[in-house]
Amino acid sequence: MSEQIETIIIGGGQSGLAMSYCLTQPGREHLILERARLAEKWRSERWDSLTLLTPNWLTRLPGFEYQGDDPDGFMPKDDVVTFIEDYAASFTPPLRCGTTVESLKQHPEGTGFVLTTSEATFEAPNVVIATGAFQKPKILPVSAGFPRSIFQLHSSRYKNPDQLPPGGVLVVGSGSSGCQIAEELNESGRQVYLSLGRSQRSTRRYRGKDSSWWRYMTGEFDLTPDMATSQWSKYGPGGQLTGVRGGHDLDYRKFAADGVVLLGHLQGVEGPKLHLAPDVGETLKLWDESFEMMRQRVDRYIRETGMDAPPDDTHSPELDPRVIEEPIVELDLDERGVTTVIWATGFVSDFSWAQVPVFDGAGRPMHQRGVTACPGLYFLGLRFLYKWKSSFIFGVGDDAQYLAEQLG
């Protein structure tokens, strides 16, 4: 016998809880199904030293916000779990943990959906898929060419330097995760090789304010996909920051000055030999160019609002010109003593369990602000669901409220 529920929310993280809050206020019947524990990804798929990239004052969910005494600090990942637990305790959502949704299908006899789970079968006219922006680890196909002796893992499985075998480490990908992990490993005494990808250069603080403050005030967090497409397609994603030790820059040139070896894009592997693109110089040029765009945007805001802001005091160390003029195009892992590869290459969608006609040829959800063409089916918490902030803790609430108003 199937359980009948008005709305099923799949996922017990910040997105699922935000949706639950917005349905609880008007008294709408619903149930959250979570495959493991509340906020499971924050518990088990983040490294030990991780902090939020945004300051504590920006940490908020519908009806709940940071109440501590360090608003300009950066919340460690264990405190994020506590924050989410406290949020759930504030309104006691209907939550079933340890329940994996194995399949989602349209009801064969009419409208609505049938969900087969590890515990029971459910029927519901409304389903909100709130499983988050980070679905399945993305590892490049070239990984299969590495020698068996090389220990490989995705950034979502990295915990700390002691987890890795002795020796040097190659980090592939230089977004926020890759840079944070590379910095931690380098500071632990490891020799680190960082294969650079495209990412927009950021600074933790600029002209007296945290970069998140500027993004919030200038409306950058409110960029929609069409507004961000040209910038992101050229420069890559933004947010190359850290909140560790009160927050500081993640700077390629400082990395190099501290002993990290900067490499171009990984192109291939033959036994222990890596083949690398000679594009470090091009990557740095685009990286600096994206930073200048940020400067111009903030400086314009300061002029237009008449703010009293201190001058720009950002700077980077000089880079050894050989890094660009004589780039490493071949690297022997054995000769360099590299024993580990960490793939900081992001995530891809994985909705293989959802047999509903709302995905494109690449398996990506098709929707308008989370509303699909399949009546009663919605998505929440995806990257750029509606705006850049949609997958952030502080941004999911607006989308959750909108979906609550759309439910039939």
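A total of 26 salt bridges was counted in this predicted model. Several of these contacts are described below, followed by one sheet and one pocket.

Glu-6 and Arg-28 form a salt bridge in which the closest N and O atoms lie 2.6 Å apart. The two residues are 22 positions apart, and the pair links distant parts of the chain. Glu-6 is found in the loop between β1 (3-4) and β2 (7-10), whereas Arg-28 belongs to the loop between α1 (14-24) and β3 (31-33). Neither partner reaches the exposed class, for which the relative accessible area must be over 50%. Glu-6 is partly exposed because its relative accessibility is 23%, and Arg-28 is likewise partly exposed, with a relative accessible area of 21%.

A salt bridge also joins Arg-37 to Glu-40, with 2.8 Å between the closest N and O atoms. Here the partners fall into separate accessibility classes. Arg-37 is partly exposed at 45% relative accessibility, while Glu-40, with a relative accessible area of 10%, is buried. The assignment of Glu-40 follows from the cut-off, because buried means under 20% relative accessible area.

Glu-187 and Arg-245 meet through their side chains in a salt bridge, at an N to O distance of 3.2 Å. Glu-187 is part of helix α4 (residues 176-187) and Arg-245 lies in the loop between β17 (241-242) and β18 (248-249), so the contact ties together parts of the chain that are 58 residues apart in sequence. Arg-245 counts as exposed because its relative accessible area is 58%. In addition to these pairs, salt bridges link Arg-201, Asp-251, Arg-253 and Asp-288 in a network.

Five strands make up an open sheet with mixed pairing, in the order β1-β9-β8-β7-β25. The edges are formed by β1 and β25 (354-355), each of which pairs on one side only. Strands β7 (residues 101-106) and β8 (residues 113-117) are antiparallel and pair over 5 bridges. Within this pairing, Val-101 has Thr-117 of β8 as its bridge partner, and Lys-105 stands opposite Val-114. The hairpin of β7 and β8 has 6 residues between the strands, and Gly-110 in this hairpin adopts a positive phi near 160 degrees.

Strand β7 also pairs with β25, in this case in the parallel sense and over 2 bridges. Lys-105 takes part in this pairing as well, with Gln-355 as its bridge partner in β25. Lys-105 thus has a partner in β8, Val-114, and another in β25, Gln-355.

The pocket analysis rests on a simple principle. Rolling a probe the size of a water molecule over the atoms reveals where empty space remains. The second largest pocket has a volume of about 220 Å³. Its lining consists of 14 residues, and those nearest the centre of the pocket are Arg-60, Lys-389, Phe-394, Gly-397 and Asp-398. Two or more lining residues are contributed by each of α1, β4 (60-61), α5 (211-218) and α11 (396-406). Helix α11 supplies the largest share of this lining, with 3 residues. By residue class, the lining of the second largest pocket comprises 7 nonpolar, 2 polar and 5 charged residues.

Note on methods. Residues are numbered from 1 along each chain as its sequence is written. This is a predicted model: local features need pLDDT of at least 70, side-chain atom pairs count only at pLDDT 80 or more; totals for chains, interfaces and linings use all residues. Side-chain values use heavy atoms; hydrogens and water are left out. A salt bridge is a side-chain nitrogen of Lys or Arg within 4 Å of a carboxyl oxygen of Asp or Glu. Helices (H or I, at least four residues) and strands (E, at least two) are DSSP runs, numbered from the N terminus. Buried means under 20% relative accessible area, exposed over 50%, partly exposed in between (1.4 Å probe, protein chains only). Two strands pair if DSSP finds at least two bridges between them. On a 1 Å grid over the protein atoms alone, a cavity is a set of points where a 1.4 Å probe fits but cannot get out, and a pocket is an open set with protein on both sides within 12 Å along at least five of seven lines; lining residues have an atom within 4 Å of a point. Grid points are joined across faces, edges and corners, and a volume is the space filled by probe spheres set on the points. Ala, Val, Leu, Ile, Met, Phe, Trp, Tyr, Cys and Pro count as nonpolar, Asp, Glu, Lys and Arg as charged, and the others, Gly among them, as polar.
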